[in-house]
Amino acid sequence: MISANSKKHDSARMRVRQYVMDLIFRESGKAVRLPSNEDLAKEIGIARSTVQLGVKSLIQEGYLETKAGIGTFTVPQIALSSTKIPLIALLDGDGKIFYEHYYSYALRSHIGMELCGHSMAVQDVRLYSERENDLFEELRSIRCDAFVCISPPESYHEILRRLSAVRQVVVVDRSIPGITSIEIDRYEKGRVLGKILLKDKRTIPLFSQGERYFKTNFQGCKDVFAEAGIKLPDTQFFLNTQNSYEKLEDTFKKGFRPNAAILSIETTDEIAALLRKYQIDLNSECRLYTFMYIPVSVSEPVTQIEFPFREYGIQVAQTVKRMLATPGSPPEKIVFNGNYQYQLKQNKEEQ
């Protein structure tokens, strides 16, 4: 993963660009005078010389124009709408990561589509500061009607609590006390999985997933098994780490033969290869299950339980719309229970 902090000079100029683009959006169709370079530098917390360079670049690109003796103005753009529409700032993670895996990208995309479908405009947030107070000031300088923050790291929780005092903030895929938060019900997701496994008569499952899934997804599955009189040992859950991979191989050496494998996308190829190595047949003896998509590298049958990305996005958009309509309303903790769709999919050659 690459951080935007790698080029501080360029990132500071990007803050000038963001300021101007926000101004153009908010005052669509109007010529608005910019603050002096000195005042703008103070407002967004960068050097005056950097502001000068950023403004010069935007003049050359046609977004700004200088009127002698008066000042620098935005160049009126074609109005985006006949009426003002809400502007939503979308912060993904810490705002500095450029490369994402399937889940994060799919969730972000569906949230963006649903927000736009509710007649909102969306801007991606890229952050460049490092210290907590600088990050807060950078976020506060973004002109928007609300922030939607997807899976913010724990180090951002206090920053977002401070931000919620001056902007509407919705947190997605995490829960932060004092801020409206929307999370998927991962425990219920595990219960859905447990019912599917029992229906398929797959009672010896292997799990390889992230840490937070142990007490949610795996626990839900365990409870469904327990209700059916079957004990699902904790030893059948492995974290998707290299160390756990080595432990898993030791387990296979001792004779463990699962008849189902619920794997994270990041470990599917590696663990599928390990299952084949110990001659565990992935066509009939052991079935692979996924909540995301079917990796093209897997030729054996895979059972896909489709993740409700669209429904998740709808829930987020409806929550943002409600918050904008009722500013000052108390924060909510929303547990989103997805409508999972269960279907068996084969590889392309067999379809």
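**Two cavities and a parallel sheet**

The second largest cavity has a volume of about 50 Å³, and since this is a predicted model, that space belongs to the prediction. Its lining is formed by Ala261, Leu263, Thr268, Leu288, Tyr289, Thr290, Pro295, Val298 and Val302. Two elements, strand 10 (260-263) and strand 11 (287-290), each give two or more residues to this lining, and strand 11 provides the largest share, namely three residues. Sorted by class, the lining has seven nonpolar residues and two polar ones, with no charged residue among them.

The structure holds two cavities of 30 Å³ or more, and the largest contains about 80 Å³ of space. Around the largest cavity stand Arg15, Gln18, Tyr19, Ile44, Arg126, Leu127, Glu138, Ser141 and Ile142, and helix 1 (residues 8-26) gives the most to this lining, with three residues. Here the classes are four nonpolar, two polar and three charged residues.

We can now turn to the sheet. Six strands, in the order 4-3-5-6-7-13, form an open sheet with parallel pairing. Strand 4 (121-124) and strand 13 (333-336) stand at the edges and have a single partner strand each, so one side of each is left without a neighbour in the sheet. On average, neighbouring strands of this sheet are turned by 20° against each other, direction ignored.

Within the sheet, strand 5 (residues 146-150) and strand 6 (residues 168-172) run parallel and are joined by five bridges, and Phe147 stands opposite Val169 in strand 6. Helix 4 (residues 102-117) packs on the sheet, where it touches strand 3 (87-92), strand 4, strand 5 and strand 6, and its direction makes about 160° with that of strand 5.

Methods
Residues are numbered from 1 along each chain as its sequence is written. This is a predicted model: local features need pLDDT of at least 70, side-chain atom pairs count only at pLDDT 80 or more; totals for chains, interfaces and linings use all residues. Side-chain values use heavy atoms; hydrogens and water are left out. Two strands pair if DSSP finds at least two bridges between them. Helices (H or I, at least four residues) and strands (E, at least two) are DSSP runs, numbered from the N terminus. Axes are lines fitted to C-alpha atoms, for helices over the stretch in contact, and angles run from 0 to 180 degrees between N-to-C directions. Contact means heavy atoms within 4.5 Å. On a 1 Å grid over the protein atoms alone, a cavity is a set of points where a 1.4 Å probe fits but cannot get out, and a pocket is an open set with protein on both sides within 12 Å along at least five of seven lines; lining residues have an atom within 4 Å of a point. Grid points are joined across faces, edges and corners, and a volume is the space filled by probe spheres set on the points. Ala, Val, Leu, Ile, Met, Phe, Trp, Tyr, Cys and Pro count as nonpolar, Asp, Glu, Lys and Arg as charged, and the others, Gly among them, as polar.
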